[in-house]
Structures are given as structure tokens and as C-alpha cells.
Number of protein chains: 6
Amino acid sequence: MTTGLLVGRFQPFHKGHLEVVKELLKECDELIIGIGSAQYSHTEENPFTAAERFAMIRASLDDEKIPRSKYTIVPITDIHNNAMWVNYVCNICPKFDVLFTRNPLVTRLVKEAGIAVEEQPEFDRHIYSGTKIRKAMLEDKPWEKFVPGGAVRVIKQFGGVERLQSVVGND
Amino acid sequence: MTTGLLVGRFQPFHKGHLEVVKELLKECDELIIGIGSAQYSHTEENPFTAAERFAMIRASLDDEKIPRSKYTIVPITDIHNNAMWVNYVCNICPKFDVLFTRNPLVTRLVKEAGIAVEEQPEFDRHIYSGTKIRKAMLEDKPWEKFVPGGAVRVIKQFGGVERLQSVVGND
Amino acid sequence: MTTGLLVGRFQPFHKGHLEVVKELLKECDELIIGIGSAQYSHTEENPFTAAERFAMIRASLDDEKIPRSKYTIVPITDIHNNAMWVNYVCNICPKFDVLFTRNPLVTRLVKEAGIAVEEQPEFDRHIYSGTKIRKAMLEDKPWEKFVPGGAVRVIKQFGGVERLQSVVGND
Amino acid sequence: MTTGLLVGRFQPFHKGHLEVVKELLKECDELIIGIGSAQYSHTEENPFTAAERFAMIRASLDDEKIPRSKYTIVPITDIHNNAMWVNYVCNICPKFDVLFTRNPLVTRLVKEAGIAVEEQPEFDRHIYSGTKIRKAMLEDKPWEKFVPGGAVRVIKQFGGVERLQSVVGND
Amino acid sequence: MTTGLLVGRFQPFHKGHLEVVKELLKECDELIIGIGSAQYSHTEENPFTAAERFAMIRASLDDEKIPRSKYTIVPITDIHNNAMWVNYVCNICPKFDVLFTRNPLVTRLVKEAGIAVEEQPEFDRHIYSGTKIRKAMLEDKPWEKFVPGGAVRVIKQFGGVERLQSVVGND
Amino acid sequence: MTTGLLVGRFQPFHKGHLEVVKELLKECDELIIGIGSAQYSHTEENPFTAAERFAMIRASLDDEKIPRSKYTIVPITDIHNNAMWVNYVCNICPKFDVLFTRNPLVTRLVKEAGIAVEEQPEFDRHIYSGTKIRKAMLEDKPWEKFVPGGAVRVIKQFGGVERLQSVVGND
């Protein structure tokens, strides 16, 4: 039984994230999906609340017929203390065996804490990128093709694009 | 589709909690189980971490063959601001239709926020009580009969009783 | 021109407070009324929000025909650091010449900071006491005679007694 | 009876702000003036304390013979959580009917909270701007013409320009 | 080379603490003396600031001719999160090999973190106790015999007894 | 008896810092060395923990045969409130007579608080600069010549350069 932990901000959850989740579910019996910076929303970098991001992820994975029993979504608030972050995650999240990340800082922190870390698979990162998708949303350019259908529905339902456009310039 | 939210500290998760969860799963299509005071542990009132409480709940519900797709467990940290608590929960938790509680303060807060609240069913509260179970653990009296088998296994695995006994008097 | 600062929690604002304010307005050209523990509400000790307490004070002083130009009401959040409290108050509040208090800790802190402090006049403290009034509210005993009419109206308008009764036992 | 809320950082309070206040006092029976980011000072963006900003506003409105009974000044500390900001303001500030703002983020947050929001009138924003005034102060260029006389007196009294010049480069 | 860490609140530093320090300096090449709850002061439990406690410890050890090169005093603020406390201490304090404590909670936390912990020697704990000394100070009974001369001088210099007497009843 | 306070982030402690310490030890009987931003680490601006910075300073001063009795190293966490910073430092640090700094903001804050402040001596600031040394570390260029031997050893021991390189781009 292997449990993996994947942490991201998912602003928004996009097709690159979806592919990573699908790939990791082949390697792990269960996947914890940690929604990072959970307390933030309504900013240019973090437009969507943890609740909204949870709904995006769930709707996207449901569409893919990924059983809900295979993964758990957990909000993880920022504590603004890198040296204690791994400890914090271990106390707040369900137990995991290995953390998947491509972020060098997180890789370093997890290694320093003596916990297993593996490089998260990459899926056309130059195409699927939260920053690029938020930019497209801001410029009223097509963004839907980068985002799973379930997440698109959720974002449209709560007016995510209008939200993002209204918060720009306030970071 | 009705989603319910049940918030508790689950220190520890006991048979009363289990019965409530089973009852609510009849009323709701999905249940969010919020682990309150998630950041606290190693105190007399809150001996177990959110991660440990998550494991207790999961193991107990697995034993009952309750499909994991029916519920979602979410850690909820205390923000020490009652007037903003409902707002906080709505932003951090997946969306829910009704909050179940027997706590008068929570009932009041949820009502003041204009959100549906229903009284949580009661199961022999005089028998199944976190306070009583922690007391029994402290006095080396039998506590296992009040706690589902899955949670008992989890508590024993991480030495929960020894933990509790060591932290007494430090609150 | 003398400006005084009077800090209290005003849970609720009662006739003793009103008499103190009236007395101090004879001594000062202007009075700053600081609402302490401003972030707390919905607890047994602090049932009412800063906004509600503001409304109680305003309504009571309006009834007394005390001109609003004579006083300023300022919410003061607790910072849980006694040694820095006076410094905090000086940075957040309008400038004042003397702080009025009967609290020995506040007296000490203000003196250690080298700021003028005078003993606040007393008005039948054994009769007019926040603790006693909250107790009366809890036990459905008459409390209105201890509270100025304006504050009574405000408290009834937002259901303050029901609020207090519902939060008891959750501190 | 209409009460309006106007929130700004007022770093410093300038003639544009003054015109807005005068205009809003025609529309409202009472105006709450919220001093945002109240806990910050001694930075390039936020050089002045809440106490100092309070004094600037008061002195400027006194000069205009605006009765103090028509407005209330309230410090509002940043909570760094956009989704909860409106809730926070409603609990800490006196009750208001409508919030006036030209900030798209605040407009959005207030609308999402179901509270009335109106666009704040504009007064030569290209001329009267906190950023420009702070820049002029830094470069020892004339800034007094953009700031009401009362605020100029207050700023000179506590050495505001020297303060700003000393904190530059430390943000 | 062994470095020990001794954590206490030292409210005040008494003769029992002094004996413990002397004993541990025989076992360790260097001793880190951590002043716990460093941010608190002016309360019944924590009357003295970290700066004042630092001065008490230093004066007492100077009197004993204990070379300052043998120990380092470090203020440790409370983070109110037991599960992360050891991690926090390790990041904020100089490196240590073994933590000395008689507190069961701290013993447990340090063990769970996989760090060496040893029982701190005891010196007539029924006689030398911070609680008892503060009680004596409050009741104007002799307390000086329980406190090293250096600490007595420091406490008298800043009026520690008057401070404590003035803050009672405000916890 | 004069005690000086020198506050820096020491990311890392370099030869310019060492010269300042040596110079100030001629002027003061004792020097408090405050490690600022003590809670931060693992970022591009603040790569090293307080514990690691403590070790760098200690090792460097030991190499110079500076007696440990001449100085005290104290971690100072950021409180993100400039107006209260001096007050905070005075409560958490051992007592000092004069604060040495070349930072205009700190100079201003200390002056406003009525505490003695002197300009810290300068030692080839264009050569010895934390920013430049971190840049050299990042680009795998020689950095050791700017850092005292003791600090170099400490940095190499915990893999400081690799740490810094791994955290870049995450600020």
C-alpha cells in the first residue's frame, strides 16, 4: 500500500495537473491531493478559494471516472515558515509514503526532513501552466482548452473569469 | 444531491461519532467530515494530531464498509474568531448544503450566517463522550469498548494512550 | 484641550459605563472610547461584536444628548502581549493625553510606558457589572435596569440575550 | 438614515479624499471613514501610523467645518484574507448601509457578500494620488498643494516627510 | 563536545534553577538556556519580560563565577503548536545534543522527534518553585531566600514585586 | 559598562560583519548580536535558519579568539510592524545602551523611541555584501573569500550553497 502526496495551488486545476494525477494513481494505491495556499483567494496569483479549487478537482476527476476512493483532497494553509512546512504538512495531512513534486524548494525541504520525495511527472509544462491560463482569462483569450471540462464548468458557475479580472492590480 | 457537513474534534473518534456518520449518510448523498481544532495536539483536550484523527476516522469507516466515495475528511484549523468561523469554513471546505451539529454556539453561528443547520442525531451521549474516553485512557481503565475497532488499532499503533498520559497537566 | 482615553470591553455597555463617560466628559474636551478585545464575540465573556458594542454605546450617548463631536469610538483588537499593548494603542488610536482606568494591570502598563494615567471614577461597581448583567441575561432575570435604554434597544434588536444563551459552555 | 462606509489607506489624506468625503456626506446621513492597513507604518507604501492618519483626516475635516457628528473614523487592520475581509469589516466597524469604493477587488468582494456597493466619486485622480504625493515628498518637491491644510500641519508636526525619506528602500 | 538545552520560563529564576544549571554544566561543555514563553509578561503566571529574565539569569550566574562562555541564553517564543515545537526550537536555537527537562510533555515531544532527552536533575522542587515564589511575592512574604542574590537585585531594580502585585487578577 | 546591540540578518555572516563586530567590541563592554528575521529560512533572501546563522557567527568569532563572554547572540523574529519593532526588541533582548545600525529605517525607529542609536562602522560595503555573496553562491562563483573561515566551514557542513541553489525562484 503506497500513499502519495501531491501538493499544488491549482489556480486553476488544469489538464497538466489531471495527467499528473492519472499517472501518479498508477504508481500509488492512494493519492493525497494537497491544495496549497488554501487561505488565499481573490488575488491575481490565487484567484480561487480552496472550496472552489476542491470543486474543480473533484469535477475533473469525476469526469474521468476516477473513483473517489482513490484520492483525498486536503486544504493546506500557508504557514510562511519553510523550515517547518514539512512538519506542518505531516501533522495536518493524512499519512503518506512519498511526496511528489517538481519544485526544487519543496524537494529540498522534504529531503532535509528525511522523507521520501520523487520527481512529479511532467506533462507539456510549456503548454499547461497556471500562470498562462490566468493570463488568458485576463485577456479574454481562450483558456478552456487547457482546463478539464469539469473544472471549466465549476469556474463558469461561480464566475471565476470575472472574479480574476476584477482582482487584477490589487496584489 | 445533498452534501452535509459534520464538524467535530474527534479526540478520539468514538462509536457515537460512528453512529452519527452512518445516520447522516442515510440523509445525505455525501458527507464532509471536518476535523476541528486541526492544528492542536499533545494536550489533554486535544491529544491527537489531525493526521492521527484522519487515520482513526478512515480506519473505522473502512471497517464498516462505508465507501470512501461517500465522505470527505477535511482538517479545519481554529481561527479563534467566532464571528468569522462560518465564513472561514465555507471558504476552506468543499461546498455543503447543510451543517449538522448539536453545539448551540455552532448552531447559532450558522443560523446568523443564513446557512441551513440541522440537529445532529444523538447516540447515547452519556456513554460515548470524548471527555470520558480520554479520562478512561488517563486512568488506565477500559476505553476500547467506546471506540470503533479501526480507531483502536490506529491509537495503539502510534501509542496514543501513552501520549495522552504524558501530556496531562500541561494544558 | 485635553483628550482622554477610556478602554473597556463593554460586554455590554451599562449604566456604570455611561456615568463614567459623562463624568470624564466634564474633565476632558474629548473622549476616546476604546472597545477592547474587539475581535472577539459569541463567547460567554465576550458575547457581542465590536460593531454591536459600538451601536450600544452610540445609542446610549445619543439618548443622553451627548454630542457625537465630544467622543470617538475606536475598536481595539487584543494583541496578547501586555508589554507592547500601550505602544499598540498609541499607534492605532487617535492621540490622547491621559488614559483613564481602574484596572491595575493597565495602570501599571501605562505608567511603565511613561504616559499619564488617572483612576477612572467608580459608579456603584457592585451594582453595575458586565459579569452580573451577563449572568442575569443567562438566567432570564431582569437585566434591562442596569443598561441604558439605547443599549437595551440595540441588544434586543440583534437578539443579544438569545445569542448569549446559545454560546454558554463553549468558552 | 443612510450610513456609508469609505475605506482608504490615506497615505496621506489628500484633497481628492477630502472632495470624496464632502460629496458622500451629501448622499449619506453619516459616513464611516475606515483607515485600511491600520497596523502598518514606516514603510514606503504606508509611511504613517493609523493614529497619524486619524489626525490628518480630523484636522482636514475640522478646517472645512464638517461637524464631527457626521462621520466616524475607524482603524481597520489588514487580515490578509480577501475572502473574509467583508465579514471582518462588518464585525469590527459600526453598521453601514452601503460601501463606497472605486477599487475593483473591494467592489467584487462586497458584491459577493451581498452588500450594497456604489462607485466612489472621482476627483482628478491623475492629480491627487497618494503614490504621487509620496513621490513628491521623497524628492523634496512641492506636495503641500495636494493635501488639505489640516493634514499638512499634522504631517509637519510629526516630521512626516523626514520619516518617509528615512524608510525608503526598506520595503 | 556536548551541548545541552535547558528550557524553562524562569518566572523568576530561582535557586533550584541555579543548582540545575550548575549540575548540567558538569555534564555538558556548553549549555543553552532557553527562556520559554518569551513573548509574555505582566501576567500572574508570566510577570517578567524575556529581557528581565535574561538579566536575572546572567546576574545569578555571574555571582557564581560561571564563565559566560559556558552558556548561551536564548528567548523562545510560544508558538502554541505542540506538534511543531521541537522543530521550531531546533531552527531558532543554537544546535544542541540533548535536551534536559522534567516536563512529561516536553519529554514526549522531544522523543517523538527522535532527539535525545534526559531527565533534568531535581533540587528540592517542593521548596524552590516559581509558583510558590510568585505567591510569596504577592502576599508580601519573604521570597528572597529562594532566589539567587543576582536575580533578587535585578527584580528589585525594575520593581518586579510591585509589577506582579499590580497584574494579579488580569490573567 | 556599555552594552551595544547590532542587528543584522547575516545571510550569511561575512567579513564585513566580522570587522563591524570587532570594531564595536572596542567601543562596548558587551555586544548583543541580534539575528533578524529569525523565523525565515530556505528563501533566496533568507536561505539560512537562525540556528545555522548562530553557528556561523560563533565559529567566526571563535576563530578570532574573541571571548564568548564579550557577546551574546539573540534570534529576533520579524513581527511585521515597524512602529512596534523597537518596543519588541527591548522586551525580547537583553538590555542595551545603544543600537548600532546603518539602516535609515532602523535609525529612525530607534530615534522615535527615544533610544540611543549610532551609525555602525562601514567596512568595504561594496565588497562585503550579503546580496553579492548569495549571488556568487548561486552562480557557483567564489564566495569563500568574503566569508570568515568559521562561517565557511559551517555553511559547507550543512550544504548551504546547495540549499540556496535549490530555493531560488520560490520567493
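How many residues does the contact take from chain B, and how many from chain A? It takes 21 from chain B and 21 from chain A. Before I go on, please keep in mind that this is a predicted model.

Okay, let's stay with that contact for a moment. On the side of chain B that touches chain A, the elements giving two or more residues are helix H2 (50-63), strand E3 (71-75) and helix H3 (82-92) of chain B. And what sort of residues are they? By class, that side of chain B has 13 nonpolar residues, six polar ones and two charged ones.

Not every pair of chains meets, though. Chain A and chain C don't touch, and their nearest C-alpha atoms sit 19 Å apart. Chain D and chain E don't touch either; there, the nearest C-alpha atoms are 19 Å apart.

Now let's look inside chain B. Here you'll find an open sheet of five strands, and the order to follow is E3-E2-E1-E4-E5, with parallel pairing. Who's at the edges? That would be E3 and strand E5 (117-119) of chain B, each with a single partner strand, so one side of each has no neighbour in the sheet. Going from one strand to the next, the twist averages 25°.

Let's pick out one pair from that sheet. Strand E1 (residues 3-8) and strand E4 (residues 98-101) of chain B run in the parallel sense and pair over three bridges. If you want a spot to zoom in on, try Gly4(B), which stands opposite Val98(B) in E4(B). Then there's helix H1 (residues 15-27) of chain B, which packs on the sheet and touches E1, strand E2 (30-35) and E4 of chain B. The direction of helix H1 makes about 165° with that of E1(B).

On to the core. The largest nonpolar core has 308 residues, and of these, Cys93(A) and Cys93(D) touch the most other members. What does Cys93(D) contact, leaving aside its neighbours within four places in sequence? From chain D there are Leu5(D), Ile32(D), Gly34(D), Val74(D) and Ile76(D), and from chain C there's Ala51(C).

Last topic: symmetry. Take chain D, turn it by 120° with a shift of 0.0 Å along the axis, and it can be laid on chain F with an RMSD of 0.0 Å. The two copies are thus related as by a three-fold rotation axis. And which residue of chain D comes closest to the rotation axis? That's His80(D), with its C-alpha at 7.3 Å.

Note on methods. Residues are numbered from 1 along each chain as its sequence is written. Chains are lettered from A and ligands numbered from 1 in the order in which they are written. This is a predicted model: local features need pLDDT of at least 70, side-chain atom pairs count only at pLDDT 80 or more; totals for chains, interfaces and linings use all residues. Two residues are in contact if their C-beta atoms, placed from the backbone, lie within 7 Å. Helices (H or I, at least four residues) and strands (E, at least two) are DSSP runs, numbered from the N terminus. Ala, Val, Leu, Ile, Met, Phe, Trp, Tyr, Cys and Pro count as nonpolar, Asp, Glu, Lys and Arg as charged, and the others, Gly among them, as polar. Copies are superposed by least squares on the C-alpha atoms of residues with pLDDT of at least 70 in both. A nonpolar core is a set of buried Ala, Val, Leu, Ile, Met, Phe, Trp, Tyr and Cys residues joined through C-beta atoms within 7 Å. A residue is buried if 20 or more other C-beta atoms lie within 10 Å of its own, exposed if 12 or fewer, and partly exposed in between; C-beta atoms are placed from the backbone. Two strands pair if DSSP finds at least two bridges between them. Axes are lines fitted to C-alpha atoms, for helices over the stretch in contact, and angles run from 0 to 180 degrees between N-to-C directions.
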